[in-house]
Amino acid sequence: MKSPSHKGGTSTPAQDCASCSGESRRSFCKSIAALGIGAVAIAPPLYACARMAIHPLEQTGLSGKEYPLTTLDNLDETPRLYAVVDTRRDAWVTSPNQAIGNVFIRKVTLPDGTVTAQAWQSVCPHAGCRIKVDTQKNPATGEMETLFFCPCHGDCFTFEGKRVQPETAKSARDMDSLETRVDESGRVFVKFQNFRLGDAAKVSV
């Protein structure tokens, strides 16, 4: 007996399986793409939540120490980021020369003519995201301006560490300033500290 003819558009079982397999692959790829887009969208808030949870537990015992980080000759009015390095210790491990945090430092001239340095913690007081210096549209004036900027929630701060729009800012306080000292040779020392996140009050931890 002759096999049935497959002319006239009738597909074979093998062709049907191939078609189903193709549809499954396309559906699978779409699902993976959607998951990827979703992961990118939720990454900043998840990071912020994680930082808010773990930040007070980090660098125990190191907050409050003074570190020589640069010299006045290396600074200008635009803040620069400097790593704070120390030895980390826990119950089991001692790790020398570890970065325990980052601070912004800039040179300022006081009204009496004294040239000194200002410093701030590099983490946003809102949820601990890493602040950067970037050219952004100033939300208060609409003009392009180089500012401190939090990429997680969009808060902008002036080079004095002040919130540009405190009435709408996510952060409940301005950037956390740090104590500085300049010695006779021009070395800049910064008292590194961590502060509790999310509060309107600046509380060291």
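Q: What does the accessible surface of the protein come to, and what share of it belongs to carbon and sulfur atoms?
A: The structure shown is a predicted model. The protein has an accessible surface of about 12,500 Å². The share of this surface that belongs to carbon and sulfur atoms is 56%.

Q: What percentage of the residues of the protein count as buried?
A: A residue is called buried when its relative accessible area is under 20%. The protein has 205 residues. The portion of them that counts as buried is 32%.

Q: How many helices and strands does the protein have, and what pattern do they follow along the sequence?
A: The secondary structure consists of 1 helix and 10 strands. Read along the sequence, the order of these elements is α-β-β-β-β-β-β-β-β-β-β.

Q: What share of the contacts with a separation of 6 or more is accounted for by residues 24 or more positions apart?
A: A contact requires heavy atoms within 4.5 Å. Among the contacts in the protein with a separation of 6 or more, those between residues 24 or more positions apart make up 51%.

Q: In which sense do strand 1 and strand 10 pair, and which residue stands opposite E66?
A: Strand 1 covers residues 66-71 and strand 10 covers residues 187-191. The two strands are joined over 5 bridges in the antiparallel sense. Opposite E66, in strand 10, stands K191.

Q: Which residue in the turn between strand 9 and strand 10 has a positive phi?
A: Strand 9, residues 180-182, runs antiparallel to strand 10, and 3 bridges join them. The two strands form a hairpin with 4 residues between them. The turn residue with a positive phi, of about 95°, is G186.

Q: Which residue is the bridge partner of R181, and how far is the charged end of R181 from the centre of its ring?
A: The bridge partner of R181 in strand 10 is F189. The charged end of R181 also sits over the ring of F189. Its distance from the centre of that ring is 4.1 Å.

Q: What is the geometry of the pair formed by the rings of F148 and F159?
A: The count of aromatic pairs comes to 3. The ring centres of F148 and F159 are 5.6 Å apart and the planes stand at 65°. Planes over 60 degrees apart meet the criterion for this class, so the pair of F148 and F159 is edge-to-face.

Q: Which parts of the chain does the pair of F148 and F159 tie together, and are these residues buried or exposed?
A: F148 lies in strand 6 (residues 144-149), while F159 lies in the loop between strand 7 (156-157) and strand 8 (177-178), so the pair ties together parts that are 11 residues apart in sequence. The relative accessible area of F148 is 0%, and that of F159 is 16%. F148 is therefore buried, and F159 likewise counts as buried.

Q: Which residues form one aromatic cluster?
A: F148 and F159 belong to an aromatic cluster. The cluster as a whole is formed by F104, W120, F148 and F159.

Q: Which cysteines does the disulfide join, and what is its handedness?
A: The count of disulfides comes to 1. The bond joins C129 to C152, with an S to S distance of 2.3 Å. The torsion about this S-S bond is about -100°, so the disulfide is left-handed.

Q: Where do C129 and C152 lie, and how many residues apart are they?
A: C129 is in the loop between strand 4 (115-121) and strand 5 (132-137). C152 is in the loop between strand 6 and strand 7. C129 is buried at 0% relative accessible area, whereas C152 is partly exposed at 23%. The pair links distant parts of the chain, with a separation of 23 residues.

Q: Why do C124 and C156 form no bond with the closest cysteine sulfur, and which residue holds that sulfur?
A: A disulfide needs sulfur atoms within 2.5 Å. The sulfur of C124 is 3.9 Å from the closest cysteine sulfur, which is too far for a bond. For C156 the corresponding distance is 9.4 Å, again too far for a bond. In both cases the residue that holds the closest cysteine sulfur is C150.

Q: Where is N97 found, and is it buried or exposed?
A: N97 has a positive phi of about 55° although it is not a glycine. N97 is found in strand 3, residues 94-109. With a relative accessibility of 66%, N97 counts as exposed.

Methods: Residues numbered from 1 in each chain as written. Predicted model: local features only at pLDDT ≥ 70, side-chain atom pairs only at ≥ 80, totals over all residues. Heavy atoms only, no water. Buried < 20%, exposed > 50% of the residue type's maximum accessible area, 1.4 Å probe, protein only. Areas by Shrake-Rupley, 256 points an atom, 1.4 Å probe, with all protein chains shown as cover. Pairing = 2+ DSSP bridges. Phe/Tyr/Trp six-rings, centres within 6.5 Å; stacked < 30°, edge-to-face > 60°. Lys NZ or Arg CZ within 6 Å of the ring centre and 35° of its normal.
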